[in-house]
Amino acid sequence: MIVNKIKLIKLHHILKQINKLAPRMRKLTDEELKNQTQYFRKQLKAGKTVDDILPEAYATMREADYRILGEFPYDVQVLGAIVLNEGAIAEMKTGEGKTLTATMPLYLNAIAGKGAMLVTTSDYLAGRDEEDLAPVYQWMGLTVSTGFLKGEEKDTAAKKRERYNSDIVYTTASSLAFDYLFNNLATNEAEQYLRPFNYVVIDEVDDVLLDEAETPFVVSSSPSLQSNLYGLADRFVKLLVPKRDYRFKQDEKIFWLTYNGVKKAEKYFRVDNLFALKNRELYRHIILALSAYLTMKKGHDYLVVKDKVVLLDETDGRLKNGVQVGTGLHQAVETKENVKLTNMQKTAASITFPALFSLFKKVSGMSGTAKVDENEFIETYGLKVIQIPTRKPVIRKDYPDIVYLTIADKLMAAIGETIRLHEQGRPVLLVAGSVENSEIISELLLNDGIAHNVLNAFNAAKEAAIIKEAGQEGAVTVATNMAGRGTDIKLGKGIKEKGGLAVIGTEMLSPRVKLQLAGRAGRQGDPGTSRFYVSLEDSYIAKASTNRQKRHFRHLIKKKEGGKNIVKLHNPITKLGLYQLQTRVASNGTEARMRTNKYQIALNIQTRHFYKKRKELISIKDLQSVVDRIINDVLDIYLNSKKEWSYLDLREFLNTHVTYKELEIPKNLNLNNQSEIKKYLIKETKKVLKQHKKALINKKQLNDFYHQVILASLDRSWIDQVDYLNNLQIYASAWSFSGRDADYIQQSFAYDSFSLFWDKVKCDCFDKLMLSQIKINDKGQLIVVFN
Ligand code: ADP
Ligand code: MG
């Protein structure tokens with residue numbers, strides 16, 4: 001609190017400087033104001049820093065916002081803008097105008113020409129903000145674009161490059177993640193389109209960095225063999241008895257086979273040791289099938305739509321099209337649901353949002369609710385949170401939760417309250433805990449003849465339009481948790497006098513999500529209320545409560561069924577228990593995220609290293625020396641792998657790795673002398689390369705050939721490596737229950753595999769260099785047939 005106050009005093013100091021410049025900016029002609037951009041550019045070139053020019057640049061942009069958009073950023077918005085330039089998170093409440101706030105730091109950080117990005121949660125929001133703000137950026141002489149293509153036309157690398165080269169780019173975290181992955185998988189420079197990441201403002205930063213952080217984005221490559229193990233494992237896990245054959249800790253979503261379960265598996269699949277290396281695929285599939293049963297709940301984690309499994313974003317009920325949970329879990333869920341399996345694909349590349357954003361030189365964010373999770377922002381991302389005061393005091397009333405015994409009681413009460421408020425003419429936002437519940441609530445409202453809109457996964461496209469209407473007289477809007485976030489609910493005429501928007505929650509939620517929902521009411525000093533109706537049967541409570549609490553709750557519910565009709569709970573001990581639960585729900589999420597992050601560390605380091613190397617190789621104009629080095633290294637690897645070499649060994653090596661032709665090995669070759677063998681082998685490899693050269697017309701084609709060989713080997717090996725690391729994650733969860741330090745084992749396996757990785761790439765290159773067939777077709781194109 002105090003730290004925040006001191007920080008604000010410092011911010012106010014800078015604000016004063018900016019305010020002082022305002023009258024001077026107002027007097028400038030349009031031309032003069034526009035010329036400021038050139039002037040700042042010169043100053044940066046002359047050695048001034050972005051921080052040096054901040055006051056004048058912000059004063060300039062503020063005036064431009066006023067002239068072009070008709071909105072002059074308020075003082076509190078300027079305070080937020082200063083925080084954003086510092087690479088921190090500005091907490092600004094809903095409706096305070098975060099969109100306009102971002103124009104100042106984006107302008108400032110884009111002046112130098114290295115790019116500035118604004119990342120938000122949906123295509124709709126990114127597109128809307130870009131469209132609304134483009135006029136002011138363009139007026140100031142900067143280019144601006146969305147990160148994705150808006151129309152239906154076909155996208156190309158050239159178009160993408162043009163978009164990403166804009167000074168300011170508005171985009172979503174997921175399209176940036178996919179573009180990043182594909183950019184890295186491109187086989188040549190012409191197909192790459194991203195420049196190094198410079199500065200980013202993440203809008204709704206808690207949503208992006210905390211809520212979505214766990215799901216890795218995955219780009220898959222060529223299908224690998226479809227496994228029939230899914231079906232077998234699925235049938236097997238159906239036979240398992242909870243507790244006896246496996247244990248499941250619901251809180252942490254972890255589970256493992258007991259001794260009994262392992263024995264059962266060995267008997268069922270007729271293997272003598274489930275943990276033997278040769279059975280690792282089998283073991284992996286059993287774990288996947290169990291995971292599909294225990295941790296993936298239909299209607300909550302996924303839906304089955306037209307015979308397809310589609311993942312749900314748990315927090316807002318939106319469909320996550322195109323996102324597969326990695327490593328075969330998707331297929332395991334498909335097997336469980338009896339739908340056709342999508343092709344099992346190998347993971348070619350994957351990245352999580354935290355890893356993606358760590359690539360930016362400066363990261364900042366804004367959100368209405370970030371302070372409650374500040375510790376996590378600091379620990380995991382090094383991002384501080386500064387609370388910016390609201391322009392007008394918040395007069396919204398947040399009423400305490402009301403606790404009911406059963407879901408039915410709770411919903412009836414929430415709906416009763418909705419009807420009461422609706423009759424007073426107040427708009428109501430009724431929040432459902434899941435897609436399923438939103439449908440139930442909708443039915444109940446219909447029964448009472450209340451017209452209403454429903455926002456859930458099935459009509460995401462209309463979200464914004466519906467939300468805009470949500471503040472009108474008597475409007476009732478049913479929505480899943482964060483649906484329609486980012487769109488302001490403006491109050492209709494006369495609603496203020498009636499008491500403003502009422503937010504009614506129907507599920508126990510973490511404090512942050514609760515605040516977010518409540519914050520949809522009472523913007524810019526408007527009146528409003530929030531109230532949450534929870535029940536002891538809510539899924540969060542089931543997930544988080546201790547056994548003792550569960551017994552207590554069950555007891556209470558039984559009492560009710562026994563005729564004693566308690567509906568509402570007043571008992572302070574029960575209430576305290578619930579409060580503790582809430583904190584536990586929140587911290588469970590934190591732990592899961594930290595775990596994923598740890599698993600990701602090895603992958604991230606290797607990924608970065610790999611792509612850097614790959615990029616270097618792509619840009620080398622003459623690859624002959626690289627090829628010579630590869631040949632030299634690979635010969636060393638093979639020669640060192642054996643103590644003694646016989647003629648037979650040598651012949652076998654030549655025929656499997658160098659040429660399919662019969663070679664006469666000189667009789668006088670001294671096999672006890674490694675360097676002599678190496679000399680001989682180098683001579684033979686040179687002969688093969690010379691043969692290739694003959695087939696080629698010129699040096700450029702030879703270089704193209706090298707290029708293709710190296711890239712093919714790199715990518716092939718990398719796909720295997722990522723796949724290996726992903727599988728490692730699954731084994732690690734089993735190790736941790738055999739009493740070993742899973743993190744340690746995983747890290748050391750990951751490390752070892754990476755040092756072997758480069759050798760593997762080289763060996764693969766070697767084989768391709770030697771054994772490929774080269775043809776030139778009648779169009780003069782180079783055709784390489786790899787061995
Ligand atoms: P937030 O993202 O913080 O919830 P928005 O950026 O969506 O808020 O802005 C809410 C509304 O306030 C928008 O309609 C916007 O045009 C308006 N607004 C923001 N800043 C100003 C300003 N300085 N002057 C007038 N209107 C503003
Ligand atoms: Mg916003």
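A residue counts as near a molecule if one of its heavy atoms lies within 4 Å of it. Keep that in mind as you open the viewer, and remember that what you see is a predicted model.

**Stop 1: ligand 1**

Select ligand 1 and show what sits around it. You should find 16 residues surrounding ligand 1, and the closest are Glu71, Gln77, Gly95, Thr99 and Lys490. Colour this shell by class and you get 4 nonpolar, 5 polar and 7 charged residues. Which helix gives the most to the shell around ligand 1? Click on helix H5, residues 98-101: that helix supplies 3 residues.

Now look at some individual contacts. Pick Gln77, where an N or O atom of the side chain is 2.9 Å from a nitrogen atom of ligand 1. Tyr74 also points a polar side-chain atom at the ligand, 3.3 Å from a nitrogen of ligand 1. Then switch the backbone on for Lys98, because you would miss this one with side chains alone: a polar backbone atom of Lys98 lies 2.9 Å from an oxygen atom of ligand 1. How much of ligand 1 does the protein bury? Taken alone, ligand 1 exposes 570 Å², and the protein buries 80% of that.

**Stop 2: salt bridges**

Side chains of opposite charge can pair when their charged atoms come close. In this model the count comes to 29 salt bridges, and we'll visit a few.

Select Asp75 and Arg62. They form a salt bridge, with the closest N and O atoms 2.9 Å apart. Asp75 belongs to helix H4 (residues 75-85) and Arg62 to helix H3 (residues 50-69), so this pair ties together parts that are 13 residues apart in sequence. Are the two partners buried or exposed? Asp75 is partly exposed, at 35% relative accessible area, whereas Arg62 is buried, at 2%.

Next, jump to Asp155 and Arg163, whose side chains meet in a salt bridge at 2.8 Å, N to O. Asp155 is partly exposed, with 26% relative accessibility. Arg163 has 8%, and since buried means under 20%, Arg163 counts as buried.

While you have salt bridges on show, select Arg26, Asp30, Glu63 and Arg67 together: salt bridges that share partners join these residues into one network.

One more pair to click on is Asp526 with Arg523. Their side chains meet in a salt bridge at 3.9 Å, N to O, and both residues are buried.

**Stop 3: aromatic rings**

Time to hunt for rings. The model has 22 aromatic pairs. Select Tyr164 and Tyr193: their ring centres are 6.1 Å apart and their planes sit at 15 degrees, so the pair is stacked. Tyr164 is in helix H8 (residues 157-164), and Tyr193 is in the loop between helix H9 (173-185) and strand E5 (199-203), so the pair ties together parts 29 residues apart in sequence. Switch on a surface to look at how covered they are: Tyr164 is buried at 3% relative accessible area, and Tyr193 is buried at 5%.

Stay with that loop and select Phe197 with Phe360. This aromatic pair is stacked too, with 4.5 Å from centre to centre and 10 degrees between the planes. Where do the two residues lie? Phe197 is in the loop between H9 and E5, while Phe360 is in the loop between helix H15 (353-357) and strand E13 (362-367), so the pair ties together parts that are 163 residues apart in sequence. Phe197 is buried at 9% relative accessible area, and Phe360 is buried at 7%.

For a bigger group of rings, select Phe610, Tyr611, Phe754, Phe757 and Trp758, which form one aromatic cluster.

**Stop 4: two aspartates**

Click on Asp206 in helix H10 (residues 205-211). How accessible is Asp206? Asp206 is buried, with a relative accessible area of 0%. The side chain of Asp206 makes a polar contact with the side chain of Thr369, at 3.1 Å. Add Asp373 to your selection as well: the C-alpha atoms of Asp206 and Asp373 are 8.2 Å apart, although their positions lie 167 residues apart along the chain.

Finish at Asp704, in helix H28 (residues 699-735). Asp704 is partly exposed, with a relative accessible area of 28%. Select Lys621 too: Asp704 and Lys621 are 83 residues apart in sequence, and their C-alpha atoms are 9.7 Å apart in space.

Conventions. Residues numbered from 1 in each chain as written. Chains lettered and ligands numbered in written order. Predicted model: local features only at pLDDT ≥ 70, side-chain atom pairs only at ≥ 80, totals over all residues. Heavy atoms only, no water. Salt bridge = Lys/Arg side-chain N within 4 Å of Asp/Glu carboxyl O. Helix = DSSP H or I, 4+ residues; strand = E, 2+ residues; numbered from the N terminus. Buried < 20%, exposed > 50% of the residue type's maximum accessible area, 1.4 Å probe, protein only. Polar contact = N/O pair within 3.5 Å; in protein donor to acceptor, adjacent residues only side chain to side chain. Areas by Shrake-Rupley, 256 points an atom, 1.4 Å probe, with all protein chains shown as cover. Nonpolar A, V, L, I, M, F, W, Y, C, P; charged D, E, K, R; others polar. Phe/Tyr/Trp six-rings, centres within 6.5 Å; stacked < 30°, edge-to-face > 60°.
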